[in-house]
Structures are given as C-alpha cells and as structure tokens.
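I have a chain to look through and a notebook to fill. I will take the empty spaces, then the charged pairs, then the strands.

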Amino acid sequence: MHKSVDVSVDAMLEDLRTLVEIESPSRDRDALRASATAVAAVIERRLGGQAVLVESEAGPHVHWSAGGAPAVLILGHHDTVFPLGTLERRPFKVADGKATGPGVFDMLGGLVQAIHGLAALDDRSGVEILVTADEEVGSRSSRALIEERALACGAVLVFEGAAEGGALKTGRKGCGTFEVSVAGRASHAGLEPAAGVNALIEAAHQVLDIAALGRPDLGTTVTPTVASAGTLDNVVPAEATVIVDVRVESAAEKERIEAAFAALAPHLDEAEITVQGAVGRPPMPESAAAGLFAVAQRLLPGIEGRAVGGGSDGNFTAALGVPTLDGLGAVGGGAHADHEYLVIGAMAERANLVAGLVRAIQQA
C-alpha cells in the first residue's frame, strides 16, 4: 500500500464552499472571470507559486505549473451548467455525509480534492494544473491549450466526477451535436395548403431517418433532442430545426455518422436541408487509460474502472495517444441535476489517490 498523505476534509469543504458560492455558468464571461480568480486563489493558497489566467473568448482558463520538466497534467473545468440564481434556490450545504449545491460533483469537488492531494506532496515538480472555462459547452476555446499541455506533460489525470460507486472512467464515447435545418415555403393552411412546402412534415421524415442511424450494438446512439417549427396555427411552416445528440465508441462510427448526416436528402419536392455539426469530441479508448488505471488499482485495491457514455476533455488528450485516466474527482452523483451531491467520506481517499498517482508518474 502506498504511503498515505495528510489532508484535512474540513479545509477541503471550506475551499469547496468558496468555489460553489461563486456561480460560474458557461458563456457568462463576468461570472467565469470571478470563478477563475477564485480557483487561482485557492491554488495559490494551497500550492504556492502563481496561477495564471489565460484569456479566451469563452472566459479565463486557469493554468498553474510547479516547475521542472512537465510530467503530468491535472485537468478540470470551472464552468457549470447552472444559470445564475441557482445558488439562491439551492445553496451550498453539508448534511448527512453529503455536500450539495450547484457544481459540487461536476466538478468543483474534484478540483478541490486534486489541489489538496497535491498540497500534501513534498515534491510537486513536473505537475501542471489546467482548469478550463468552457468544457460544458464543447471546449472550443480551450481545446488547443489542453492538447498542447497534454502533449508536453505526457500523462493526464482528469478530475471529472467518478462513475457510479466511485469507479474511475477508463473509456468514454465520442460525442457531438448536429443541427438539421429545413427550409420549406409558407402558405395559408386553409386557403391554399398545397401551395406551401411543409417544413414540419419534412422535419418529421428527417427525424425518422436520423433516429435509424443509431447502432446500439456498436455503442452508437443518435438521439433527436430538440425540435422547432412553424409560426402560426394557420400557416404552413416555412422553417423547421432539429437538434441531435450523437455518441460513438469508435473512430469508424464517427466517420459513418458524419457522412450520413452530410448525405441527408429531402423527401418533399422543393424542401431544402442544411446540416451543421460534427462529432466534436473523439472517443476515449480504454487503451489510453490502461497503464494509469493499473497504477490506481495498486494504490487503491478494489477500485473499478468503467467506460461511460458522457464526454470530457480527456477525450481530446486520449485521442492524441497521451495516457489519460478520468473520473478521479468527487464520488457522488446527480451531475447537471438538482439533486447533485458529493460524498464527504470519500474526499480524503480521492485526494490520497491523486497524490499516489502523481508520485508514481514522477518516479516512472
């Protein structure tokens, strides 16, 4: 068993409260600036050195380096899915062995555990931390920086919340969003319906075609999620839009799905279809996590690994061939939901796990 490190759960909860009580919805640049400043302050207070705010169109990312040759990237994000005002309705609270509040599990708890685990190490050389501002909305402004630091470091530990039961995330599906726009022609629904081209009927055909692209046997899910059409109840709709969530397990399925969306064809004469989108996060193959997961199993016997459907920034680093282990953050559940929670009793163990993994990477 590895040498355990000393961490204070009370101190971790204090830092978690600080971060949760500064709301950080994606795309709100003012809120994200306040959040990034708070994350940087926690890092500097616990680890020393300087945490740099990296400006981007999405809001500031936070980068910290202990110095020395880069060896391991601690990766996370400080944006959350909850709109401003959620905290008032659902304040940070500690009760019955759980911490609750917006973002405790996804993923502020993981950040705090990582920082405190690192703080307990005598030697932090080679460690870098990158906390991004736009993971929940696709990581467009942070992807290049994530990939650059991952390649420089050569190993990535991702502090997204754990899988069910505290399992680490050893594989992730690639994921993406497609928007299918239909252009028809308006006409009076009572006087001359045949003079129009009904975009809603065309969209209905497209939804069935799109849903048929799924291959659950291969891990591919294609799920129409949001649709809109029409203007008034007596007008043949001239426009319709369908948004589709896609998840794939392999690069081959990514290519098949993207080609199928590009080939969508209208069923109605004179209807036109435009498709935007892609599978923006490549799949994270389990091979990328194998080596680091074996180390985690030695450090914490009995810990499980699981491939999951959701994507993270670990998808990008794994796709580069950089060893990547995910799900190292909070044990809990309810990501993106009102019942989101973190299990306090697991915080010290997870902080110890990051310390052990970093030590093993340094010594490799």
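**Entry: cavity**

How many cavities of 30 Å³ or more does a search of the whole structure find? I note before answering that this is a predicted model. The search of the whole structure gave me one cavity of 30 Å³ or more. I looked up the space in the largest cavity and got about 40 Å³.

Next I listed its lining. The residues around the largest cavity are L19, V20, I22, E23, S24, T80, F82, P102 and L108. Sorted by class, this lining has six nonpolar, two polar and one charged residues.

**Entry: pocket**

I then turned to the open spaces. The largest pocket has a volume of about 940 Å³. It is lined by 35 residues, and E136, G138, C175, T177 and R281 are the closest to its centre.

Which elements each supply at least two residues of the lining of the largest pocket? I found α4 (104-119), β8 (168-172), β9 (174-183), β10 (221-229), β11 (239-248) and β12 (272-281). By class I wrote down eleven nonpolar, twelve polar and twelve charged residues for the lining of the largest pocket.

**Entry: cysteines**

I searched the whole structure for disulfides and the result was zero. I also checked how covered two cysteines are. C153 has a relative accessible area of 6%, which is under 20%, so I entered C153 as buried. C175 has 12% relative accessibility, so by the cut-off of under 20% C175 is buried too.

**Entry: salt bridges**

Side chains of opposite charge can pair when their charged atoms come close. I counted such pairs and the total came to 18 salt bridges.

I looked at D15 and R45. They form a salt bridge, and their closest N and O atoms are 2.7 Å apart. This pair links distant parts of the chain, as D15 is in helix α1 (residues 9-20) and R45 is in helix α2 (residues 29-47), 30 residues apart.

Is D15 buried or exposed? D15 has 0% relative accessibility, so I put it down as buried. R45 has a relative accessible area of 47% and is partly exposed. I also noted that D15, R45 and R46 are linked in a network of salt bridges.

The second pair I checked was R17 and E21. Their side chains meet in a salt bridge at 3.1 Å, N to O. R17 is partly exposed at 37% relative accessibility, and E21 is partly exposed at 38%.

The third pair was D338 and R90. They form a salt bridge with the closest N and O atoms 3.6 Å apart. Here too the pair links distant parts of the chain, 248 residues apart: D338 is in the loop between β15 (332-333) and β16 (341-343), and R90 is in the loop between α3 (86-89) and β4 (93-95). I entered D338 as partly exposed, at 46% relative accessibility. R90 has a relative accessible area of 10%, so R90 is buried.

**Entry: strand β6**

How many of the six residues of strand β6 (residues 127-132) are buried? I counted six of six, and the strand is mostly covered.

In a regular strand the side chains alternate between the two faces of the sheet. I therefore split the residues of β6 by side, with V127, I129 and V131 on one side and E128, L130 and T132 on the other, and found both faces covered.

I then looked up the neighbours of β6. Strand β2 (residues 61-65) is joined to β6 by four bridges, and the two run antiparallel. In this pairing V62 stands opposite V131. Strand β3 (residues 72-77) pairs with β6 in the parallel sense over six bridges. There, V72 has V127 as its bridge partner in β6.

**Entry: a four-stranded sheet**

Last, I followed an open sheet of four strands. Their order is β4-β5-β16-β15, and the pairing is antiparallel. Why is one side of β4 and of β15 left without a neighbour in the sheet? Both stand at the edges, each with a single partner strand, so one side of each has no neighbour there.

I checked the pairing at β15. Two bridges join β15 to β16, and these strands run antiparallel. G332 in this pairing stands opposite L342 in β16.

Terms used
Residues numbered from 1 in each chain as written. Predicted model: local features only at pLDDT ≥ 70, side-chain atom pairs only at ≥ 80, totals over all residues. Heavy atoms only, no water. 1 Å grid on protein atoms, 1.4 Å probe; cavity = no way out; pocket = protein on both sides within 12 Å on 5 of 7 lines; lining within 4 Å. Points joined across faces, edges and corners; volume = space filled by probe spheres on them. Nonpolar A, V, L, I, M, F, W, Y, C, P; charged D, E, K, R; others polar. Salt bridge = Lys/Arg side-chain N within 4 Å of Asp/Glu carboxyl O. Buried < 20%, exposed > 50% of the residue type's maximum accessible area, 1.4 Å probe, protein only. Pairing = 2+ DSSP bridges. Disulfide = S-S within 2.5 Å.
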